[in-house]
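Student: Could you take me closely through a single part of this model, following one residue outward to the helices around it?

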Amino acid sequence: MEREQQDRIAAMPRCQDATSIAAPSGDLLASAGRHGLFILGGISFAVGAVGLVLPLLPTTIFWIIAAWAWSKSCPRLQQRLYAVPGAGAHVRAWIEEGRISRRGKHFALAGLAFGLATCTWALYATPIFLAAAGLPQVIAGFYIASRPE
């Protein structure tokens, strides 16, 4: 299976071909957009990689952004990201099917609950700020809980 995935990645066009100035469409604006998405993917991947060693910085969401950006600019890198052990399968499941694993939901909801508890502790005296900080977390929690597994 791994060899088959490596062969599929090797058969894809090289990234610089997809993002070169002389792109197949010949449109300079489209080429600039591909470059921008390529850079966004690289930055998102790097921030996600830092999240592997910093406990409060998420990895998966940044790698989802990288996979989306690279799907538009460099599908070869997107496929290599999908091949990363551990996180690659989760990124692929979200991008292709909109699914979140049960374990992933539990971690995400626990993180949101921790953030909400921290906001409540820090902002209990100012209910307007607490509502402004807590409402997006509650909405995100309902969204995550409603995704298929």
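Tutor: A residue counts as buried when its relative accessible area is under 20%. In this predicted model, glutamine 79 has a relative accessible area of 12% and is therefore buried. Glutamine 79 belongs to helix H5, which spans residues 75-82, and its side chain is joined to that of arginine 92 by a polar contact of 3.3 Å.

These two residues also take part in the packing of H5 and H6, since the contact is made by Gln78, Gln79, Leu81 and Tyr82 of H5 together with Gly88, Ala89, Val91, Arg92, Ile95 and Glu96 of H6. The residues of this contact divide into 5 nonpolar, 3 polar and 2 charged. The axes of H5 and H6 lie 7 Å apart and pack at an angle of about 125 degrees; angles that are neither under 35, nor over 145, nor from 65 to 115 degrees count as oblique, and H5 and H6 are therefore oblique to each other.

Helix H6, residues 88-97, also meets helix H4, residues 60-73, where the two axes come within 9 Å and cross at roughly 55 degrees. H4 and H6 are therefore oblique to each other as well, and their crossing is right-handed. On the H4 side the contact involves Thr60, Trp63, Ile64, Ala67 and Trp68, while H6 supplies Val91, Trp94 and Ile95. Here the residues divide into 7 nonpolar, 1 polar and no charged. Val91 and Ile95 of H6 are listed in the contact with H4 and also in the contact with H5.

Definitions and conventions:
Residues numbered from 1 in each chain as written. Predicted model: local features only at pLDDT ≥ 70, side-chain atom pairs only at ≥ 80, totals over all residues. Heavy atoms only, no water. Helix = DSSP H or I, 4+ residues; strand = E, 2+ residues; numbered from the N terminus. Buried < 20%, exposed > 50% of the residue type's maximum accessible area, 1.4 Å probe, protein only. Polar contact = N/O pair within 3.5 Å; in protein donor to acceptor, adjacent residues only side chain to side chain. Axes fitted to C-alpha atoms, helices over the stretch in contact; angles between N-to-C directions. Left-handed = near helix turned anticlockwise from the far one by under 90°. Contact = heavy atoms within 4.5 Å. Nonpolar A, V, L, I, M, F, W, Y, C, P; charged D, E, K, R; others polar.
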